[in-house]
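Colleague: I would like to learn how to read strand pairing and a metal site in a model. Could we take them in turn?

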Amino acid sequence: MRMLLIALLALGCGGGDYAVMRNDYPVKPVPFTHVDVQGGLWNKRLEVNRTVTIPLAFRHCEETGRIDNFAKAARQMPGPFRGLHFDDSDVYKIIEGACYSLAIRGDEALEQYLDQLIAKIAAAQENDGYLYTARTVDPDNPPEDAGPTRWSNLQYSHELYNAGHLYEAAVAHFQATGKRTLLDVALKNADLIARTFGPHARHDVPGHQEVEIGLAKLYQVTGERVYLDLAKFFLDQRGHGERRALYGAYAQDHLPVAEQREAVGHAVRALYMYAGMADVAALLGDTSYVAPLELLWQDVVSRKLAITGGVGARSHGESFGEAYELPNKEAYNETCAAIANALWNHRMFLLHGDAKYLDVMERVLYNGFLSGVSLAGDRFFYPNPLAAERGYRRSPWFTCACCPSNVTRFLPSIPGLAYAMRDRALYVNLFLSSAVRVDMGQRTVTLEQVTDYPWDGRVLLKVKVAQPIAFALHIRVPSWAQGRPVPSDLYRYLDDRPSPVSVELNGQAVKWEMRQGLAVIERTWADGDIVFFELGMPVRRVVAHPQVQADVGLVALERGPIVYCFEEVDHGITVFSLLLPDETDVESEYRPEFLGGAVVLRARGKESGSGREVQLTAIPYCLWAHRDEGSMSVWLRRG
Ligand code: FUB
Ligand code: ZN
């Protein structure tokens, strides 16, 4: 049966009869393989990721012994294990990114590189499916955190975390190339884990969640329920201390997951767990996680979200802070946590069809995530603070390289977040120049999108169909355009009037209605129909909820989805002495030559103390630290 399903899926038959037999997300993403990104900010970033970041990340893995660890475990070369006990996961994440990249643009050399790397990984796998080089290289002397024997220190060993990333890579490789080489390794490992853990076997859970997401993907590609049941088992064991010692709140193991109401502990662990819960809820049709997920989401969005979409305020434990604990200079906001936040919010959208989740996702994409990688694709931030003194710069790599490797895989998956389908509805979630192809019943619909977003709010959508076809086009009206920076009261615009939104069809006003944050046009579409959608993009002043101590008396600037910051290099003095009075006008200007092209803001401000007038310049937060070193701040005193 497994072989048959894989064969059907490989032939692209996954959306047929088999799909109706099983539960799924009610809204389905249009796979990134059907989205051809044709220009603009994301196209540049995807190209840089493909040509610079992925090759350099593999090179770093070679230079730091991450790849040799597989050869050593396979007894293809001598020597001890090198690095951190979860370093295998970096290699898996980069493979995943390389596969997405391959699917967008074929690359013979990259495919061959992957083939030989996968052969090494397969050789490192033990006969029964166990795969964890930190132990296999020298089972008698594993690194301390790996624990003395298999699965003996799951709280810290990352054996199951590594497995989750292996599964995600394997599914990506299978989907991109049709090859089963890595998928076979993943399934053999998953089968071992399914024999080892479960209601009639071991009851421990991973200290770092991730295997749940990977298992859900294995289920989606094979149709084998055992993987999904195992994901649910791991989730449901958390917080139950009858048969094992609990790990506590740091690892979200303080309460059963369905009873958790507050986002606590290590942020990446928490957010991967919430994403896994959404997968299980949707794929099993299990409603018990749905209400808790919404409450957890409310907690994050109302009390624990940086204006950039960053999460995990504390460096101590890489964790969420208390409600409204949202520091600026000290903010941790790990790049991986931004990625995890986007992954979770996308799943929440697929579960509910409500654009409020996409609003959070978009905020993360353009701000807290994108700041994590340099324009050239060769430098990375691990924490993404909202203010910094001179000297904080992106690094070429890290000993714990979770963030750069996560960037390599998340960036090329972004086109897959842009569109979605539900019955006879096509959703435009993100604005990026692209062409998307979707199957609507027996027919194919192509939608071409042309835009200069995020710098310009105009979006042109052209429908291409062989014959007229009825469907509902859903176009997201971002919360920022509705006068709300986020779907909560955590931040607000000083001027919260909605931006003008205009929708025209073939040059005429058209009837549309707002549903769940999307402008819906229902009609029979003809070939060549053109929708012109325009969002006004005034510069907005943002203030935080009064309980956010760090932001009392401060203001930030946004335009469209972009959060701005001030850098010392534009002012010649520390940005912490700058004031932005409420009454000054802020001008915006698109500057094509500025850091790859960006809208820059200008206003008359002041220097505190002297009261001297200062010409203020604000640049997109995601672009900071590309010029001369100096202080940076997103928030300025209102003056
Ligand atoms: O533990 C694996 C990864 O390293 C986590 O996701 C990151 O937060 C970093 O601690
Ligand atoms: Zn990270």
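Colleague: How many bridges join β11 to strand β12, and in which sense do they run?

Modeller: This is a predicted model. Strand β12 covers residues 508-509, and 2 bridges join β11 to β12 in an antiparallel arrangement. One bridge partner pair is E504 with A509 in β12. The two strands form a hairpin with 2 residues between them. In that turn, N506 has a positive phi of about 50 degrees.

Colleague: Over how many bridges does β11 pair with strand β15?

Modeller: In a regular strand, side chains alternate between the two faces of the sheet. Here β11 (residues 501-505) pairs with β15 (residues 530-535) over 5 bridges, in the antiparallel sense. L505 has V531 in β15 as its bridge partner.

Colleague: Which residues are the protein donors of the zinc ion (ligand 2)?

Modeller: They are E334 through OE, and C336, C402 and C403 through SG, lying 2.0 to 2.4 Å from the ion. The spacing in sequence is E-x1-C-x65-C-C. Distant parts of the chain are linked by C336 in helix α15 (residues 335-352) and C402 in helix α17 (residues 402-410), which are 66 residues apart.

Colleague: What is the geometry of the site of the zinc ion (ligand 2)?

Modeller: The ideal angle for four tetrahedral donors is 109.5 degrees. The angles among the 4 donor atoms here are 97 to 118 degrees, and the site is tetrahedral.

Colleague: Why does C402 count as buried?

Modeller: Buried means under 20% relative accessible area. C402 counts as buried because its relative accessibility is 7%. C336 is buried too, with a relative accessible area of 2%.

Conventions: Residues numbered from 1 in each chain as written. Chains lettered and ligands numbered in written order. Predicted model: local features only at pLDDT ≥ 70, side-chain atom pairs only at ≥ 80, totals over all residues. Heavy atoms only, no water. Pairing = 2+ DSSP bridges. Helix = DSSP H or I, 4+ residues; strand = E, 2+ residues; numbered from the N terminus. Donors = N, O, S within 2.8 Å, 3.2 Å for Na, K, Ca; no water. Tetrahedral: all angles 85-135°; square planar, octahedral: opposite > 155°, others 65-115°. Buried < 20%, exposed > 50% of the residue type's maximum accessible area, 1.4 Å probe, protein only.
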